[in-house]
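I set out to record, entry by entry, what I looked up in this structure. The chain and its model are placed here for reference.

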Amino acid sequence: VIPPVRAALFALRLLPKPGEGPSEDARNRGYFKMRTVAVGETSVGHTVTAHVQSGTAGDPGYRATALMSIESALCLALQRDACTTEGGVLTPASALGQVLINRLNAAGMKLYVE
């Protein structure tokens, strides 16, 4: 954010000042769960449900975001050949796919499909 806008947001108390975020304990205790139901055509006509849970990743605004960013970068740095290279502008899910899912599960998050 450009400095004058950032200063105004601090002055209006719309942004926390550095060091005013949640405590380490709150970040460690934080979690999230997400359930997505996608209905599509399959060979046997099933409804697919995707689950995403923070697991041990912690607070979604701090710890889990950092974990997901780091694991995405590691996918590109260490496993680029296993990632999708076709397409234009790709989302992390479409570009990194199963490689990212495997890394996030190994790092303590829980991503699975029923």
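**Entry 1. A loop residue.** In the loop between which helices is Arg13 found? I worked with a predicted model throughout. I located Arg13 in the loop that joins helix H1 (3-11) and helix H2 (24-29). I then looked up its backbone and noted a positive phi of about 60°, although Arg13 is not a glycine. Most residues other than glycine have a negative phi. I also asked whether Arg13 is buried or exposed. Its relative accessibility is 58%, so Arg13 counts as exposed, the cut-off being over 50%.

**Entry 2. Two helices.** I turned to helix H3 (residues 63-78) and helix H4 (residues 92-106). Two packed helices are described by the angle between their axes and the distance between the axes. For H3 and H4, I noted that the axes come within 10 Å and cross at roughly 125°. H3 is therefore oblique to H4. I recorded the crossing of H3 and H4 as right-handed.

Which residues make the contact? On H3, I listed Leu67, Met68, Glu71, Ser72, Leu74, Cys75, Leu76 and Leu78. On H4, I listed Leu96, Val99, Leu100, Arg103 and Leu104. I sorted the residues of this contact into 10 nonpolar, 1 polar and 2 charged.

**Entry 3. Ser72.** I singled out Ser72, which lies in helix H3. Ser72 counts as buried because its relative accessibility is 16%, and the cut-off is under 20%. Leaving aside neighbours within four places in sequence, I found Ser72 in contact with Leu96 and Leu100.

**Entry 4. The nonpolar core.** In soluble globular proteins, nonpolar side chains tend to be buried together. I looked up the largest nonpolar core here, which has 14 residues. Which of them touch the most other members? I noted Cys75, Leu96 and Met109. H3 and H4 each supply at least two residues of this core, and the largest share, 5 residues, comes from H4.

I then followed Met109 outward, leaving aside its neighbours within four places in sequence. I found Met109 in contact with Phe32, Val52, Gln53, Ser54, Gly55, Ala57, Leu67, Met68 and Leu104.

**Entry 5. A strand residue.** Lastly, I looked up Thr49 and placed it in strand E2 (residues 47-53). Is Thr49 buried or exposed? At 10% relative accessibility, Thr49 counts as buried. Not counting residues up to four places away in sequence, I recorded that Thr49 touches Arg35, Thr36, Val37, Tyr112, Val113 and Glu114.

Technical notes. Residues are numbered from 1 along each chain as its sequence is written. This is a predicted model: local features need pLDDT of at least 70, side-chain atom pairs count only at pLDDT 80 or more; totals for chains, interfaces and linings use all residues. Side-chain values use heavy atoms; hydrogens and water are left out. Axes are lines fitted to C-alpha atoms, for helices over the stretch in contact, and angles run from 0 to 180 degrees between N-to-C directions. Helices (H or I, at least four residues) and strands (E, at least two) are DSSP runs, numbered from the N terminus. Angles under 35 degrees count as roughly parallel, over 145 as roughly antiparallel, 65 to 115 as roughly perpendicular and the rest as oblique. A crossing is left-handed if the near helix is turned anticlockwise from the far one by less than a right angle, and right-handed if clockwise. Contact means heavy atoms within 4.5 Å. Ala, Val, Leu, Ile, Met, Phe, Trp, Tyr, Cys and Pro count as nonpolar, Asp, Glu, Lys and Arg as charged, and the others, Gly among them, as polar. A nonpolar core is a set of buried Ala, Val, Leu, Ile, Met, Phe, Trp, Tyr and Cys residues joined through side-chain atoms within 4.5 Å. Buried means under 20% relative accessible area, exposed over 50%, partly exposed in between (1.4 Å probe, protein chains only).
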